[in-house]
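Me: Got a minute to go through this model with me? I'd like to begin with the sheet.

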Amino acid sequence: MATLFIADLHLQTEEPAITAGFLRFLHGEARQADALYILGDLFEAWIGDDDPNPLHREMAAAMKSLVDSGVPCFFIHGNRDFLIGKRFARESGMQLLPEEQVLTLYGRRVLIMHGDTLCTDDPGYLAFRAKVHTPWIQTLFLALPLFIRRRIAQKMRNDSKAANSSKSMEIMDVNPRAVVEVMEKHRVQWLIHGHTHRPDIHRLVANGAQAHRVVLGAWHTQGSMVKVTAEDVELIAFPF
């Protein structure tokens, strides 16, 4: 058996191929897993659990079917869908996890997270992140009418694209020291995260020994998952 990890699907109605690929994944590979962990940015944007978008209901039903089949599903918020709440969690059957979670998998201690907090070379983004994660700001935003929330979300997406276009890839990648610090804080030799859209398995030294950082790919033109078994940790790309 295996435990599967995915991230950065950025599901949206404008990308039906990715949605179709995710549905095939849920009805195929995921059905054979011990568990499925989604490490953030499942959706391109999230303006509240009360958004009647049919895509959200379709995805909730598909994930609930997976959970009902006996495969538990866990979710860590990303920078795009950090407002996913308890209502959607109930509808989808998935369990919400904190920003940093340590798992014990087949004898390995593995830290999982979305990964955006590791990008410490981008203080502008971290300041923005801190602001939108402020509880009273989230409460105020969720109290606004849906049409206003949509406008705000679209503006934020446009502003983000504009800002990122002028940043170097190095600034938007993780900071090596931040990686070591979080792994040593949790006393782990394995880290799995998404966010950077740079799939790879990196070797490093943490806690005085060899360690590994596994980065999930985004679902742009193909799927990406990490498959953890008793024998191996694999980063796998697959067609939609």
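Me: What's the strand order in the open sheet, and how is it paired?
Reply: This is a predicted model. In it, five strands make up an open sheet, ordered 5-6-7-9-8, with mixed pairing.

Me: Which strands stand at the edges?
Reply: Strand 5 (101-105) and strand 8 do. Each has a single partner strand, so one side of each lacks a neighbour in the sheet.

Me: And the twist, what does it average?
Reply: From one strand to the next, the average is 25°.

Me: Which helix packs on the sheet?
Reply: Helix 8, residues 176-186. It touches strand 5, strand 6, strand 7 (190-193), strand 8 and strand 9, and its direction makes about 65° with that of strand 8.

Me: Back to strand 5. How many bridges join it to strand 6?
Reply: Five, and strand 5 runs antiparallel to strand 6 (residues 108-113). Within that pair, L103 is opposite V110 of strand 6.

Me: At the other edge, in what sense do strand 8 and strand 9 pair?
Reply: Antiparallel, over seven bridges, with strand 8 covering residues 200-206 and strand 9 covering 209-215. One of the partnerships there is L204 with A211 in strand 9.

Me: What's between strand 8 and strand 9?
Reply: Two residues; the two strands form a hairpin. In the turn, N207 has a positive phi of about 55°.

Me: Changing topic: R129. Where is it, and is it buried or exposed?
Reply: R129 lies in helix 4, which spans residues 123-132. Its relative accessible area is 13%, and the cut-off for buried is under 20%, so R129 counts as buried.

Me: What does the side chain of R129 make a polar contact with?
Reply: With the side chain of E99, at 3.1 Å. Leaving out residues up to four places away in sequence, R129 touches E99, D116 and T117.

Me: Now the whole chain. How many helices and strands?
Reply: Eight helices and eleven strands. The radius of gyration is 17 Å, close to the 18 Å the globule rule gives for 240 residues, so the chain is as compact as a globular protein of that length.

Me: What size box do the C-alpha atoms fill?
Reply: Roughly 50 × 45 × 30 Å along the principal axes.

Me: How much of the chain is buried, and what does it expose?
Reply: Of the 240 residues, 48% count as buried. The chain exposes about 11400 Å², with carbon and sulfur atoms supplying 56% of that.

Me: Last one: what share of the contacts with a separation of 6 or more comes from residues 24 or more positions apart?
Reply: That share is 66%.

Notes. Residues are numbered from 1 along each chain as its sequence is written. This is a predicted model: local features need pLDDT of at least 70, side-chain atom pairs count only at pLDDT 80 or more; totals for chains, interfaces and linings use all residues. Side-chain values use heavy atoms; hydrogens and water are left out. Helices (H or I, at least four residues) and strands (E, at least two) are DSSP runs, numbered from the N terminus. Buried means under 20% relative accessible area, exposed over 50%, partly exposed in between (1.4 Å probe, protein chains only). A polar contact is a pair of N or O atoms within 3.5 Å; within protein, one must be able to donate a hydrogen and the other to accept it, and residues adjacent in sequence count only if both atoms are side-chain atoms. Contact means heavy atoms within 4.5 Å. Two strands pair if DSSP finds at least two bridges between them. The radius of gyration is taken over C-alpha atoms; the globule rule is 2.2 Å times the number of residues to the power 0.38. Accessible areas come from the Shrake-Rupley method with a 1.4 Å probe; for residues, only the protein chains shown count as cover. Axes are lines fitted to C-alpha atoms, for helices over the stretch in contact, and angles run from 0 to 180 degrees between N-to-C directions.
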